[in-house]
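Student: Please take the sheet in this model and go through it closely, one strand after another. After that, connect it to whatever surrounds it, and state the cut-offs as you use them.

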Amino acid sequence: MKLSRVQELLKATVLCNDRLLDELEVNAACGSDLMSDVLAFVKDQGMLLTGLVNAQAIRTAEMMDMRCVVFVRGKLPGPSVVDLAAEKDIVVMSTPYSMFTACGTLYAGGLVGGTIH
Amino acid sequence: MQGRGFGSGNTVTLHYDVDAGDFSSAGEASANLKRTLKQLGFPPEVVRRATIAMYEGEINMFIHAGGGVADVEITPDEIRIKLVDSGPGIPDIALAMQKGYSTASELAREMGFGAGMGLPNMQSYTDELIVESQVGKGTSISMLVRVGGSSAQ
C-alpha cells in the first residue's frame, strides 16, 4: 500500500517527508506503544503506529528499517522529533483515529500485520 | 562481505560516549553503528541484529546507569560490542534476564521502554552475551554477532 493511500485512509496530516508519499509502499504494519516489543517481535514491517510521541519512536523505526511512523489519537510530536524523522527519510503522519480504529482501517484496506517472530 | 576494501584481516573500531543528557539523544550511537555496518556492506540481517542489540544496550545504560561507554570491534566475520557503565549494578543477573522483569523508572516506561525486554532482546539478537556486574560499581556487557551466526533472529 502506498503511503499516500495510508494518509487517505487515516485522514492523516503529514508532518514530514511528504515527497515520499507516492514513492514508498509498505506491505505490513504494526501498532504498539512499547518500543521493546517492536524491537522484539516485529519483522519486515514497513510502518509503525504508536501513541508514543517522542524521539525513541523514530529511533525504533530507524533500527527496524521502517519508513513511516503514524502517531494516533491526533498526537503531535515536538519539532525535534519531526526533524529527526526528516533527516532519516522517515515519513511521519498524525491521524485523528485511535490506535484500534487506525489499525482496523488499514487492515480493512488491505494492509496486513506481517510476520512476527 | 561485499564492503569495498573491507576484507579479511581488516578491523574497524568505534567508540561512543553515551551520556545521560536528553533522552532523545539515546540511540545516536546505535544509529551511527547501523550506518557504518551498512557502509561496510554487511548483510541486512546482521546489521539489524547488531544494531537492535546495541540500541537496547544503549537505552539500558541511559535508563539505569546515567550513561556509559560503548566500544565496537568489527571484522568481516563478526561484530563485538562492549558496553560499560558505572551505574548501580545488577544484584541478580539471572532475574534481570527474565522477560518482563524490570526495575526501570516510570519515566523510562513513559518513553516506551522499561518493560523488562532489554536484556532478553539483547540475548536473542546476539550469538553471545556476557553480563558482568558489581553492585555499586557498574555493569559490563559483551555481545557478539557473527556473520551467518546461529541466532534465531
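Tutor: Val84(B) stands opposite Ser140(B), a residue of S5(B). Strand S3 (residues 78-85) of chain B and strand S5 (residues 138-146) of chain B run antiparallel and are joined by eight bridges. Strands here are DSSP runs of E with at least two residues, helices are runs of H or I with at least four, and both are numbered from the N terminus. Two strands pair if DSSP finds at least two bridges between them.

Residues are numbered from 1 along each chain as its sequence is written, and chains are lettered from A, ligands numbered from 1, in the order in which they are written. This is a predicted model, in which local features need pLDDT of at least 70 and side-chain atom pairs count only at pLDDT 80 or more, while totals for chains, interfaces and linings use all residues; side-chain values use heavy atoms, with hydrogens and water left out.

The sheet in chain B is open and has five strands in the order S1-S2-S3-S5-S4, with antiparallel pairing. Its edges are strand S1 (12-18) and strand S4 (128-134) of chain B, each of which pairs on one side only. From one strand to the next the twist averages 10°. Such angles run from 0 to 180 degrees between the N-to-C directions of axes, which are lines fitted to C-alpha atoms, for helices over the stretch in contact.

Starting at the S1 edge, seven bridges hold S1(B) and S2(B) together in the antiparallel sense. Val12(B) has Ile74(B) in S2(B) as its bridge partner. S2(B) in turn runs antiparallel to S3(B), with six bridges between them. One of the facing pairs is Glu73(B) with Arg80(B) in S3(B). A hairpin of three residues makes the connection from S2(B) to S3(B).

In a regular strand the side chains alternate between the two faces of the sheet. S2(B) does this: Gly68(B), Ala70(B), Val72(B) and Ile74(B) point to one face and are buried, whereas Val69(B), Asp71(B) and Glu73(B) point to the other and are not. Buried means under 20% relative accessible area, exposed means over 50%, and partly exposed lies in between (1.4 Å probe, protein chains only).

Helix H1 (residues 28-40) of chain B lies across S1, strand S2 (68-74) and S3 of chain B, and runs at about 165° to S1(B). Contact is defined by heavy atoms within 4.5 Å.

An unreviewed UniProt entry annotates residues 60-145 of chain B as "domain: Histidine kinase/HSP90-like ATPase". UniProt positions are given in the numbering used here, feature names are shortened, and annotations may be inferred rather than shown by experiment. That span, residues 60-145 of chain B, is 27% helix and 35% strand, and its end C-alpha atoms lie 19 Å apart.

Salt bridges reach beyond the sheet. A salt bridge is a side-chain nitrogen of Lys or Arg within 4 Å of a carboxyl oxygen of Asp or Glu, and the structure holds ten over all chains. One of them joins Lys38(B) to Asp65(A), with the closest N and O atoms 3.9 Å apart. This pair crosses between chains, from helix H1 of chain B to the loop between helix H3 (55-63) and strand S5 (68-71) of chain A. Asp65(A) is partly exposed, at a relative accessible area of 41%.

Within chain B, Asp127(B) forms a salt bridge with Arg49(B), the closest N and O atoms being 2.7 Å apart. Asp127(B) lies in the loop between helix H5 (118-125) and S4 of chain B, and Arg49(B) in helix H2 (residues 44-65) of chain B, so the pair ties together parts that are 78 residues apart in sequence. Both partners count as buried: Asp127(B) has 19% relative accessibility and Arg49(B) has 4%.

Chain A, which supplies Asp65(A) to the pair with Lys38(B), has five helices and seven strands. Of its 117 residues, 54% are buried. Its C-alpha trace spans about 30 × 30 × 25 Å along the principal axes.
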